[in-house]
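User: Please take a close look at the charged side-chain pairs of this model, and follow the account outward to the parts of the structure around them. A connected description would serve better than a list.

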Amino acid sequence: FAQYEKMRDALNATGRPIFFSLCGGKPWYAPVGKYIGNAWRMSEDGQDWYHLTVATNKIARLTQYSGPGGWNDPDLLIGTGVGSRNPKPDGWNWGQTDLQSRSQFSLWCVFPAPLLISGNPEAVTPYAFETWSNAEAIAINQDPLGLPAHRIMGGNLTFSRRTPSEPARRWNGAGVNVWAKMLVTNSFAVVFVNNFGTNKTISCDSDCLKHINLQSTPFVVRDLWKHSTLPGLSKGSFSANVAGRGGAALFTFTPQS
């Protein structure tokens, strides 16, 4: 870390506001990263949904190190590979589906993580451009509190990638998550993730809501991908039907007095 510290001191000496990112790629960068830079890579390069699943699981163990001034960095927004490294290099299953790309963006917005696009914005699909330009989602990422999200329901997601020599096979992922991040408006950004092969109804019950002190408080729900507020109030639990194979849904929960 000594060389990073020299660079930090040199950047600070300029008197200019500069975002200093550390490219480590290991979880053990997190405990010291905040004292050196503003973001630190804490997982391997994100090439496909497998790597992004691994990064998500690692983030869950490192949230205590993220906050105003310094954040965990699980790597770039990779999209589907179109406009970036397309065709896929070396036979690897590089990239992800449109659905997974939107799930990655939802998670990266609440973590929060740097939103750095790996690709030419003029060459990506309209769906990818719509995903990466969602102003409501970006506002979650840029929330002035700068607080990290916490996994409030579920454990590690599982997914096994195939090697170049393996034939295509059926989906082999599993697990569901609910992540929540407190916002300056006293609302919460909440992401539901489904890593099973089929659609699932994921419920955040009172035990889940207890982590954000909403177990007995009514709240308004807004869907940030549909850009619409759900009718009525929710209380005690909330369920979302989430697409399988790496699907996600992004909401805000706003408590009502």
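Analyst: A salt bridge is taken here as a side-chain nitrogen of Lys or Arg within 4 Å of a carboxyl oxygen of Asp or Glu. By that criterion, this predicted model holds six salt bridges. Three of them are described here, among them two that have an arginine in common.

The pair that stands apart from that arginine is R8 with D9, whose side chains meet at 3.0 Å, N to O. Both partners fall in the intermediate class of accessibility: R8 is partly exposed at 22%, and D9 is partly exposed at 42%.

The other two pairs centre on R41. Its salt bridge with D45 brings the closest N and O atoms to 2.9 Å from each other. The two partners differ in their surroundings, since R41 is buried at 8% relative accessibility, whereas D45 is partly exposed at 46%. R41 also meets the side chain of D75 in a salt bridge, with 3.3 Å from N to O. D75 belongs to the loop between β3 (71-73) and α4 (98-110), while R41 lies in strand β2 (residues 39-41), so this pair ties together parts that are 34 residues apart in sequence. Like R41 at 8%, D75 has a relative accessible area of 8% and is buried. Through their shared partners, these salt bridges join R41, D45 and D75 into one network.

Helix α3 covers residues 49-62, and its 14 residues should span 20 Å at 1.5 Å a residue; the end C-alpha atoms are 20 Å apart, in agreement with that value. At the start of the helix, a side-chain oxygen of D48 comes within 3.2 Å of the backbone nitrogen of Y50. Because 10 of its 14 residues are buried, α3 is largely enclosed by the rest of the structure. The buried positions include W49, H51, L52 and T53 towards one end, and I59 and L62 are also among them. The cover over these buried residues includes the helices α2 (30-33) and α4, together with the strands β3, β4 (150-153) and β5 (176-182).

Helix α4, which is part of that cover, is itself mostly covered, with 11 of its 13 residues buried. Its expected span is 18 Å at 1.5 Å a residue, and the end C-alpha atoms lie 19 Å apart, which agrees. Among its buried residues are Q100, R102, F105, L107, W108 and C109. The packing partners of the buried residues are the helices α3, α5 (126-132) and α6 (135-141), and the strands β5, β6 (188-194) and β11 (247-255).

C109 leads on to the cysteines. At 0% relative accessibility it is buried, and its sulfur is too far from any other cysteine sulfur for a bond, because the closest, in C204, is 19 Å away. C204 has a partner elsewhere: a disulfide joins it to C208, with the sulfur atoms 2.0 Å apart. Under a cut-off of 2.5 Å between cysteine sulfur atoms, the count comes to one disulfide. The torsion about its S-S bond is about -90 degrees, so the link between C204 and C208 is left-handed. Both of these cysteines are buried, whereas C23 is exposed at 57% relative accessibility.

A last residue, N195, returns the account to α3. N195 is placed in the loop between β6 and β7 (200-204), and at 0% relative accessibility it counts as buried. Leaving aside residues up to four places away in sequence, N195 touches W49 and T53, both of which are among the buried residues of α3. Its other contacts are with L157, T158, F159, W171, G173, A174, G175 and G246. With T158 there is also a polar approach, in which the backbone oxygen of T158 lies 2.8 Å from a polar atom of the N195 side chain.

Definitions and conventions:
Residues are numbered from 1 along each chain as its sequence is written. This is a predicted model: local features need pLDDT of at least 70, side-chain atom pairs count only at pLDDT 80 or more; totals for chains, interfaces and linings use all residues. Side-chain values use heavy atoms; hydrogens and water are left out. Buried means under 20% relative accessible area, exposed over 50%, partly exposed in between (1.4 Å probe, protein chains only). Helices (H or I, at least four residues) and strands (E, at least two) are DSSP runs, numbered from the N terminus. The expected span of a helix is 1.5 Å times one less than its number of residues. Contact means heavy atoms within 4.5 Å. A polar contact is a pair of N or O atoms within 3.5 Å; within protein, one must be able to donate a hydrogen and the other to accept it, and residues adjacent in sequence count only if both atoms are side-chain atoms.
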